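Reader: Please show the model, then take me through its sheet and surface.

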Amino acid sequence: MFDINHIAISVANRDKSIEFYKKFGFEVYKSWFSDDESIKIDMLRLNNTFLEIFCYKDYKPLEETRKSTKTIYQ
């Protein structure tokens, strides 16, 4: 058996993401910037579950075609 340490996801909007996860009971446990300050990282906690969200300073959304579940090999 194993335990999950934490789950990490990249988000487009840090503030909206934190507010979303707060609805489920998560709270900000710790926040920091990467060494070059290009990424803001927040560790959210709900009991023994940790969710790491990170937001790039120069976030660029994916092209619309990249949002499809289709692959180029279909």
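**Sheet and surface**

Author: To begin with one pair, Ile7 stands opposite Leu51 in E4. This is a predicted model, in which local features need pLDDT of at least 70, side-chain atom pairs count only at pLDDT 80 or more, and totals for chains, interfaces and linings use all residues. Residues are numbered from 1 along each chain as its sequence is written, and side-chain values use heavy atoms, with hydrogens and water left out.

Reader: In what order do the four strands form the open sheet?

Author: Strands (E, at least two residues) are DSSP runs, numbered from the N terminus, and two of them pair if DSSP finds at least two bridges between them. E1 (residues 7-10) pairs with E4 in the parallel sense over four bridges, whereas E3 (residues 39-46) pairs with E4 in the antiparallel sense over eight bridges. The pairing in the open sheet is mixed, and the order is E1-E4-E3-E2.

Reader: Why is one side of E1 and of E2 left without a neighbour in the sheet?

Author: E1 and E2 (27-33) stand at the edges of the sheet. One side of each has no neighbour there because each has a single partner strand.

Reader: How many residues of E4 are buried?

Author: Buried means under 20% relative accessible area, exposed over 50%, and partly exposed in between (1.4 Å probe, protein chains only). E4 spans residues 49-56 and is mostly covered; of its eight residues, the buried ones number six.

Reader: Does Ile4 count as buried or exposed?

Author: Ile4 lies in the segment before E1. Because its relative accessibility is 59%, Ile4 counts as exposed.
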